[in-house]
Amino acid sequence: MSLTLWNSRFSVTFVRQCSTILTSSSSSNPAGIQQLLHRYGSSLSSSCSSSNQSQSDRRMSGGQQRASHDSTAVSGAAGGGGGAANVPPFQHPHCDRQAMYDQPVRKQRTKGGNYDYDLIVIGGGSAGLACAKEAVQNGARVACLDYVKPTPTWGTKWGVGGTCVNVGCIPKKLMHQASLLGEAVHEAAAYGWNVDDKIKPDWGKLVQSVQNHIKSVNWVTRVDLRDKKVEYINGLGSFVDPHTMLTKLKSGDRTITAQTFVIAVGGRPRYPDIPGAVEYGITSDDLFSLDREPGKTLVVGAGYIGLECAGFLKGLGYEPTVMVRSIVLRGFDQQMAELVASSMEERGIPFLRKTVPLSVEKQDDGKLLVRFKNVETGEEGEDTYDTVLWAVGRKGLVEDLNLPNAGVTVQKDKIPVDSQEATNVANIYAVGDIIYGKPELTPVAVLAGRLLARRLYGGSTQRMDYADVATTVFTPLEYACVGLSEEEAIKLHGADEVEIFHGYYKPTEFFIPQKSVRYCYLKAVAERHGDQRVYGLHYLGPVAGEVIQGFAAALKSGLTINTLINTVGIHPTTAEEFTRLQITKRSGLDPTPASCCS
């Protein structure tokens, strides 16, 4: 039963019974009224908190009432103070509907008068949405601006949800899963399944399935914003001053104001500055909705995006080549990075090392001629491809914001912030991939956005901890890690104070189909002396993300080598291999296991 309907029936029942008591012969005794109030008191308090106000409260001026409501909203959201006024009128056990009911709105007042909103969030991605929804739940009136510029070559654009939902984590993981399924189908024959050798993927059907899922998430996100009373504005915003934004809409320009702004615009892929790059190349923004098979593909860039795309393209039966300018997986542990690259080369994915592209030309037959150069030898070469995919980094979307008008400092197309995500302008904050020098990961953006909103409107003091964030590279043989790399640990603590426990292992499910176990490897980077606290964990193998997530919580809780090796593993799993780490690099012993069960 809806709250409105319940209130209506309750009111009718209450009035009828009051009328009965007042018109009865015993109505001269007020005990009947007191008994009725006692009977319905709890229901009346929870459904109509305004009815519990005293007569003195009702005689307050309108301005006094608003000020009281503002302070109540803040203290209630912060968990302090009691009273029915701080309790939302209805709390469903399985969903938070607080923002849809009578929580007072914080209306900021300054010498310049009222603002249109308490908070305007610029960007409808993971960070922006999390911040906007959390702010509303804590009593703020919020608008969320979101606009996607079409890609230059294919004109690709998408709905609300940002990079992760539309052209990042979600479609990438789905296509990675599709490639793993293709691999599993062929392995099934070794397990006794009768498999047709003619099985092959349908690129068009895969793309349609992925896009259908993305659109369903777009829809759910819009509905969620509506239900939580976040005003969604599909427009491109730019600052007029620190409190004013000009928004370009389909219907025309609109000026809006806010006490506080949160910039969460994220980033987009870069294009190299060479002839033909923009005209003929695509990026990950286009790949997941590409209306033709990618065919023979040159992936330029060996960061995690480039390697993941090359990996699932190979698994789907296409011919990717990875072009590497300098090193593989910059910012990751380099021993693990090279193992990832070697595992991909073993699967038939060639790497053009120390090579940069010079130009892209479209041939008469539609193929793309790419000229390239080895940066060490100076030797030049060329080859033709069906698709050229740029994965050479991302840039922050600061150009359209007119940040100088607001006085916000920019550093290398990103926004520097302090430990509270505050920019150099007092009322302007930034979260997510747009901030300078922080991990560009969806879970980081979501948590940082929520914590910021709680500090701004919920009375919280908790800050985002950007250290020891776990992540996974979804290459064919997945790589996951948390904490320090071996290089970082040695740089911070010195080689004599760091111990590396490592080992190769053999996943049980690899035995029957005789899959290569050459690169199944893991290591723990730890303190050499004392409690031997674990600084970092690294794992290369199947379902890496699922393996490392639990260990990430342990590492942040002060995991030591002694605790790790005295934890009983679950057998037979690959995760248990962390509990079997006994051999150190310093010992020089062979880290290859002789048996899986002893």
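## A loop residue at the surface

Ile512 lies in the loop that connects strand E22 (498-504) with strand E23 (521-527). In this predicted model, Ile512 is partly exposed, its relative accessible area being 46%.

Together with Tyr191, Trp193 and Phe511, Ile512 makes a nonpolar surface patch of about 460 Å².

## Overall architecture

Secondary structure in the chain consists of 17 helices and 24 strands. Of the 598 residues in the chain, 45% are buried.

Among contacts in the chain with a separation of 6 or more, 63% are accounted for by residues 24 or more positions apart. The accessible surface of the chain amounts to about 29,600 Å², and carbon and sulfur atoms contribute 51% of that surface.

## Cysteines and disulfides

A disulfide is a covalent bond between the sulfur atoms of two cysteines. The cut-off applied here is a pair of cysteine sulfur atoms within 2.5 Å, and by this rule the count is zero disulfides. Cys144 is in no disulfide: the nearest cysteine sulfur belongs to Cys131 and is 9.2 Å away. Cys144 has a relative accessible area of 0% and is therefore classed as buried, the limit for that class being under 20%.

Cys164 is likewise in no disulfide. The nearest cysteine sulfur to that of Cys164 is the one of Cys169, at 3.1 Å; because a disulfide requires the two sulfur atoms to be within 2.5 Å, this pair is not counted. With a relative accessible area of 12%, Cys164 is also buried.

Technical notes: Residues numbered from 1 in each chain as written. Predicted model: local features only at pLDDT ≥ 70, side-chain atom pairs only at ≥ 80, totals over all residues. Heavy atoms only, no water. Buried < 20%, exposed > 50% of the residue type's maximum accessible area, 1.4 Å probe, protein only. Patch = residues over 30% accessible without salt bridge, like charges linked within 9 Å, V, L, I, M, F, W, Y side chains within 5 Å. Areas by Shrake-Rupley, 256 points an atom, 1.4 Å probe, with all protein chains shown as cover. Salt bridge = Lys/Arg side-chain N within 4 Å of Asp/Glu carboxyl O. Helix = DSSP H or I, 4+ residues; strand = E, 2+ residues; numbered from the N terminus. Contact = heavy atoms within 4.5 Å.
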